[in-house]
Amino acid sequence: MPHQTEITPDILLRAYRMGIFPMAESATDPTIHWVDPRRRGVFALDHFHISRSLRRSLLRADYRVTVDTDFAGVVAACADRDETWINDQIFALYRALHDQGRAHSLEVWDGATLIGGVYGVVLGSAFFGESMFSRRTDASKIALAWLIHRLRAGGFTLFDTQFLTPHLASLGAQEIPRAEYHSRLERALGRQAHFAPPGYAPYPSLISSSGASGSSTGSVTSGATKPDSQDNTQIS
């Protein structure tokens, strides 16, 4: 592993292509460790579970969703907890990737207040989910539902969650062996996907019906695009 002062955005992207990712022991620990779990958390993009309660939350008119509007705010909110693996250098590296168009955020707002969000890295047709946060009931679930719909519409084939938590498992994430993950990663890196699909125009009722018990991947893709629309993702 290179000395922590030598880590650059290019080295970080190379690590993702190899199937490893960085973590620090805490916000104040300057050392970065590379992690390659024996078992990896992933979302099957066509098996995101939208419960009845989440569907009701998605259909509420008291939030709005944006993308890449406050990347730094999302990362800072993800790091604002008692235990975090995001130190200053990791924060700076992901901001640099965002400036390069390699890292993206999806934000959930209540008025001008950021209440939830998720961010990650894009390579090929792989989305490497880094972290998410919630400051209101279901805000992180809303962020994930909108994100997964976007990834499906954009042609992504791999959503890496790194580890499987009970929260992610309840939404349909699963755990796979390291070898299978690396195989899926290799295939995903060989394909192209778009985080901002041309003509993508999502809206809450479409998002709420796109879980495992709702519409299929095909109907998500066709129903989410309008030839003359732009991707504002501001609909509440």
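**Salt bridges and sheet packing**

E180 is partly exposed, at 33% relative accessibility. The model in which this residue was examined is a predicted one. E180 forms a salt bridge with R184, and the closest N and O atoms are 2.6 Å apart. Both residues lie in helix 7 (residues 178–189). They are 4 residues apart, so about one helical turn separates them. R184 is also partly exposed, because its relative accessibility is 24% and the partly exposed class runs from 20% to 50%.

The search of the whole structure returned 9 salt bridges. One of them joins the side chains of D36 and R40, at 3.8 Å from N to O. The two partners fall into separate accessibility classes. D36 is partly exposed, with 26% relative accessibility. R40 is buried, with 1%. Both residues belong to a network of salt bridges that also links D160 and R178.

A further salt bridge joins the side chains of K141 and D138, at 3.9 Å from N to O. K141 has a relative accessibility of 23% and counts as partly exposed. D138 has a relative accessible area of 15%. D138 is therefore buried, the cut-off being under 20%.

The sheet was examined next. It is open and contains 7 strands. Their order is 4-5-6-7-8-3-9, and the pairing is mixed. Strand 4 (64–67) and strand 9 (173–177) are the edge strands. Each of these pairs on one side only. From one strand to the next, the twist averages 30 degrees.

Strand 3 (residues 39–43) pairs with strand 8 (residues 158–162). The sense is antiparallel, and the pairing runs over 3 bridges. Within this pair, G41 has Q162 of strand 8 as its bridge partner.

Two helices that pack on the sheet are described here. Helix 1 (residues 9–18) touches strand 6 (113–123), strand 7 (126–134) and strand 8. The direction of helix 1 makes about 75 degrees with that of strand 6. Helix 5 (residues 139–153) also packs on the sheet. Its contacts are with strand 3, strand 4, strand 5 (103–110), strand 6, strand 7 and strand 8. The direction of helix 5 makes about 160 degrees with that of strand 7.

Some of the charged residues lie within these elements. R40 falls in strand 3, which spans residues 39–43. D160 falls in strand 8, which spans residues 158–162. R40 and D160 are both members of the salt-bridge network. K141 falls in helix 5, which spans residues 139–153.

Conventions. Residues numbered from 1 in each chain as written. Predicted model: local features only at pLDDT ≥ 70, side-chain atom pairs only at ≥ 80, totals over all residues. Heavy atoms only, no water. Pairing = 2+ DSSP bridges. Axes fitted to C-alpha atoms, helices over the stretch in contact; angles between N-to-C directions. Contact = heavy atoms within 4.5 Å. Salt bridge = Lys/Arg side-chain N within 4 Å of Asp/Glu carboxyl O. Buried < 20%, exposed > 50% of the residue type's maximum accessible area, 1.4 Å probe, protein only.
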